[in-house]
Amino acid sequence: MNAVATAGLAVDPLLPLWLLGALAALAAVGAMAALRGRLAGAWARILGLVCILVALLNPTLREETRQPLDDVVLAVIDRSSSQRLGARTAQSDAALSALRQWVQTAGGADLRVVEVPDAQGPGGGTRLAEPLATALGRIPPDRLAGV
């Protein structure tokens, strides 16, 4: 993937915003009085006050170069004893192979495979929920493309 370059203007005020607002209001009142009284150099004073207020906002130009991350496709494969009946294992392997091929062709995605064996202990069987939840917990939610 290609890197994305962005630029933007950010402000990090040197004073609290409420104080800057109060100073701006005082400057506006003073500017109105100066204009109304037709004082010499009123526009230059107003421009100076605006420059000071902008400087107190502490504007900065920020440039970033970001490398987009691939989405994540999660495949959970049942490898329990019930999958050994008939052609189930071959079907699962064929589906996984097709999924791998699709992810490679599509690009922009990362395939993660979790194979779940027979459950140990009483009852045995297939327990997909816990391995699925564990695998999902390792993937940032904004990168998950599908399961």
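## A guided tour of the chain

Start with the whole chain in view: of the contacts between residues at least 6 apart in sequence, 76% join residues at least 24 apart. Keep in mind as you look around that this is a predicted model.

**The whole chain.** Stay zoomed out for a moment. Along its principal axes, the C-alpha trace spans about 95 × 40 × 20 Å. The radius of gyration is 31 Å, while a compact globule of 147 residues would have one near 15 Å. Now switch on a surface display. The accessible surface of the chain comes to about 10600 Å², and carbon and sulfur atoms account for 61% of that area. What share of the 147 residues is buried? Buried residues make up 17% of them.

**The elements.** Next, switch to a cartoon display and colour by secondary structure. You should find four helices and five strands. Follow the chain along its sequence and the pattern reads β-α-α-β-β-α-β-α-β.

**Strand E1 and a surface patch.** Select residues 4-11, which form strand E1, and pick out Val-11 there. Then add Leu-17 and Leu-57 to your selection: together with Val-11 they form a nonpolar patch on the surface. The accessible area of this patch is about 270 Å² for the three residues together.

**Helix H3.** Now select residues 88-106, which make up helix H3, and look for Ser-92 within that helix. Is Ser-92 buried or exposed? Ser-92 counts as buried because its relative accessibility is 18%, and the cut-off for buried is under 20%. Show the side chains around Ser-92 as well. Leaving out residues up to four places away in sequence, Ser-92 touches Arg-79 and Gln-83.

**Arg-79.** Move on to Arg-79, one of those partners of Ser-92. Where does Arg-79 sit? Arg-79 is in the loop between strand E3, residues 71-78, and helix H3. With a relative accessible area of 23%, Arg-79 is partly exposed. Display what surrounds Arg-79, again setting aside neighbours within four places in sequence. Its contacts include Arg-84, Thr-89, Ser-92 and Asp-93. Also among the contacts of Arg-79 are Glu-115, Val-116, Pro-117 and Asp-118.

**A last distance.** To finish, select the C-alpha atoms of Arg-79 and Arg-138 and draw a line between them. These two residues are 59 residues apart along the chain, and their C-alpha atoms are separated by 21 Å.

Key. Residues are numbered from 1 along each chain as its sequence is written. This is a predicted model: local features need pLDDT of at least 70, side-chain atom pairs count only at pLDDT 80 or more; totals for chains, interfaces and linings use all residues. Side-chain values use heavy atoms; hydrogens and water are left out. Patches are made of residues with over 30% relative accessible area and no salt bridge: like charges are joined within 9 Å, nonpolar side chains (Val, Leu, Ile, Met, Phe, Trp, Tyr) within 5 Å. Accessible areas come from the Shrake-Rupley method with a 1.4 Å probe; for residues, only the protein chains shown count as cover. A salt bridge is a side-chain nitrogen of Lys or Arg within 4 Å of a carboxyl oxygen of Asp or Glu. Helices (H or I, at least four residues) and strands (E, at least two) are DSSP runs, numbered from the N terminus. Buried means under 20% relative accessible area, exposed over 50%, partly exposed in between (1.4 Å probe, protein chains only). Contact means heavy atoms within 4.5 Å. The radius of gyration is taken over C-alpha atoms; the globule rule is 2.2 Å times the number of residues to the power 0.38.
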